[in-house]
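Biologist: Could you walk me through how some labels on this model were assigned? I'd like to see the reasoning behind each one.

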Amino acid sequence: MTAKHIIIGLVVLFFIQNSVKANGKNWAITQITVDYSVAPINVNHASPGISWILSSNKNNQYQAAYQVLIATSVGMLKQGKADVWDSGKVNLAKAQYIHPNSKLIKPNHDYYIQVTSWNRQGDKAISNTTFSTALFDNTKWEGEWIGYTLEKMLAGEKPIPSPDSLLENRSQYLRKQVNLVKNIKRARVMVSGLGFYELSINGKKVGDHVLAPAKTRYTDRALYEVFDVKESLKYGSNVLGIQLGNGWYNPLKKYQDWRMPFYGYPRAALRLYIDYTDGSTEIIKTDNSWKAAFGPITFNSVYDGEHYDARLEQTGWNMTGYNDQGWKVAKTLPAPGKLMEVNLMPAERVTQIMKPVKVFKKENGTVIYDMGQNFAGWARIKVHGSAGTVITLRHAEDLQTVDSSLNTKSNRAAANEDRYTLKGTGTEIYEPRFTSHGFQYLQVSLQGQAEILSAEGCVVHNDLPQTSELTTDHDLINRVHQATLWSQRSNMQGLPLDCPQRDERLGWMADGYVTADEAMLNFDAPLFYTKWADDARYAQDSAGRLQHISPTFVVSENTNWSCGMVLVVWDHYRNYGDARVLQTYYPAIKKYVNYLAANAKDYILKPDRYGDWGNPAQDSKATSGWLRGNPAMSTTAMFYLCTKILSDAAGVLNNAEDKKYYERLKQNTLRSFNKNYFDETIAAYKGEEYHYQYRQIMPLYLGLVPAKYKAQVMHNLVTDITEHRQGHPYIGIIGLKYMLDLFTQENRNDLIYSMLNVKGYPGFDYMLQGRNTFPEWWDGSGSHNHVMFGSIDAWFYHALAGINTDDTLTGFRKIIIKPYIPESGLNMVEAGISTVNGRITSGWKREGNRVKLQVSLPANTSGSIQLPQNVKDLRINGASIKGVITDDHILLQVGNGNFEVNFIK
């Protein structure tokens, strides 16, 4: 940048800084997080990342210094003292991921934090929070696993999957009565139950989690949860109760394959830590002092549903005064795997209740409820009737067009059927515990005498707060956005699923990574994605291979899918700016890239089984010539991308030796890639005609195209889209993601906008006809709740609202606002995202040829606004300016704060 440019930038800053009126606080801390969470009670190590968000009513406010105190009591902090850690006054602007260097942070303890921040003007802000620790050593779980019975064993080692039986399908009750004769100061319970569990104390469910714990490859690790249960316990007699369901741990025999291997019969492990006011402690744990019995759930399966016979309920089983003499002594069972780790991500919960928008009554007495929205979860019914009456609930995404009966085609083999048998005692309410469904339509039928009083839908997913907002005056954009949100929520089920309704519901890595950026913009997702990355990391084999579905029992490397962990980790770093995440996964990424390099021949990998999945040719594969695994170049393209990410990560982590090595590997791969796939005579990359767009997109995006051919390759790609395909995208889910990224970086958002608006097949308008979530394929077939094409939603934020992080300071510490304003058809965009540095908003409105852009950037960040070169009469906060003219835009350096930019376009 020239001296002239610098002077103009300073003038812009002067006008901005002196045109804002103060109201409110000059300097404040609005939120403190510990390892991404507010006041967590499950911190699993001794050096958590402490972060805070700053705000000010003035523009261009920056932190000059901070101090963090950690103490074991609030009283010490009130005195300005810290008996655990005192950072001292640190003269840095950093406000994220401050890691205490203290040997005094111990497992299963409570701690209190005080953060003080000073800005450059000397204003001081102080805020307090708390955190508690879980267990640190994930190899030591002091407590036994227990259950109703032990599965048959082969040579005392490996469980034998036996045929489906009453035992396998029944839920289990576990109970223990304990007598507490001292006053309780603190009580924490750490508990897990496989496949799913519910914990109760004195007859009341502990917490509001459902379908817990999240699925893992159980031979690697099982997850436990932490609850503060001081208020649940009482002086005297107490009862701990656990209900167990099969979940993903003990599937039906017909599903015991690559989707859902058998691990064993249900089991639970619990440790209740109690601190008394007299200074003594007590630990209550699962062992053979517990009792076990069958529960009223006679059948439960993730895919097929749940059968509940209310006549088999044992009233009061989890309360004092219940006679458990007829119960069995709980059996001690082997631990499921090597590790017990605390669950860190937000749990699954019922987040919303859906009321029916239509009711269809059939001649045979069945009733179909239209919930108005496709979602994941289950139904809740209220019913009154005779004992023994069976209510059957069936779930589907569609109705038959002929007679509006249930269309279960998209469920495939999954029964998705719940049954409730009445006990006949007044009004009864039922909702399942140990299954879930993807559906919009609920069919209720009955055998016997009963009246259905009401039916409603319970929306269930990992309760990740939505951190975004996006509103436009464009109907299709709004529909695509809402479809993305609903599809994403539906498929956040302990990991990113492909779909929530059929006999699959697996963590296909490509489905997850192509939408990771979108999900991280829309939801508070850092812990959700590190959990999934851990699933992949733990399953990596000694050769370096990664799973293409994670978690699953086997490792089967398919590069376009298996590379997902690498890409998700990099998206995490870009969105959240936490270098420790790179440090954690760096060894696994390096091992994987080395595996790819070792298996490449002259730097070229063989095709995998999937390629650019979801290409329109796949919709009509019987006639299109589509072949699994194409284009052949796709595996080597992803090999190059993973190598690039590894090289960039090495740079971030100051590993100069690795940086140099993997830069060489990149260059060697580039040369071999072009030698094998680039045809200079036509300035295009070779392969199948139906993969033409992908074959040009990936090399252009990755920077593989020789410089002298780049313009012609781009021209050929544009010609294919606009002329050969008449404006339609002809790509799969991987090609779509990187097409969006390519055209954004090349300032060709006009092409994306045109493809978004194109009518007919293939296109977004066609795909979403009659749908409120994304279907699996461009033609609308398959699953009707697949988020994999939702990657376009990230483009709405990055391009239409123009909100981007500058990769020189990731995590939106340095922000670029660069909105794309189409010539017509879109006249208003309002968007906002919550980042680790605070709330960013960007919105524009056009009236005639005048545009008003309003931007808010959080304190302690720096930002720039980039506008097209052809804008006129440019004003910011009322002051007329010119800005810095670059090769393709006008640059306004704006610091942080609130800005109104007006111009003619």
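Modeller: Happy to; here are a helix pair and some salt bridges. This is a predicted model, where local features need pLDDT of at least 70, side-chain atom pairs count only at pLDDT 80 or more, and totals for chains, interfaces and linings use all residues. Residues are numbered from 1 along each chain as its sequence is written, and side-chain values use heavy atoms, with hydrogens and water left out.

Biologist: Why is α10 called oblique to α13?

Modeller: The axes of α10 (residues 579-599) and α13 (residues 634-652) come within 9 Å and cross at roughly 140°. Angles under 35 degrees count as roughly parallel, over 145 as roughly antiparallel, 65 to 115 as roughly perpendicular and the rest as oblique, so α10 is oblique to α13.

Biologist: What makes R188 and D228 a salt bridge?

Modeller: A salt bridge needs a side-chain nitrogen of Lys or Arg within 4 Å of a carboxyl oxygen of Asp or Glu. For R188 and D228 the N to O distance is 3.8 Å, so the pair qualifies. R188 lies in strand β11 and D228 in strand β14, so the pair ties together parts 40 residues apart in sequence.

Biologist: How do you know whether R188 is buried or exposed?

Modeller: Buried means under 20% relative accessible area, exposed over 50%, and partly exposed in between (1.4 Å probe, protein chains only). R188 has 7%, so R188 is buried. D228, at 46%, counts as partly exposed.

Biologist: Which residue forms a salt bridge with R748?

Modeller: That is D750, with the closest N and O atoms 2.9 Å apart. R748 is partly exposed at 28%, and D750 is partly exposed at 28%.

How values were computed: Axes fitted to C-alpha atoms, helices over the stretch in contact; angles between N-to-C directions. Helix = DSSP H or I, 4+ residues; strand = E, 2+ residues; numbered from the N terminus.
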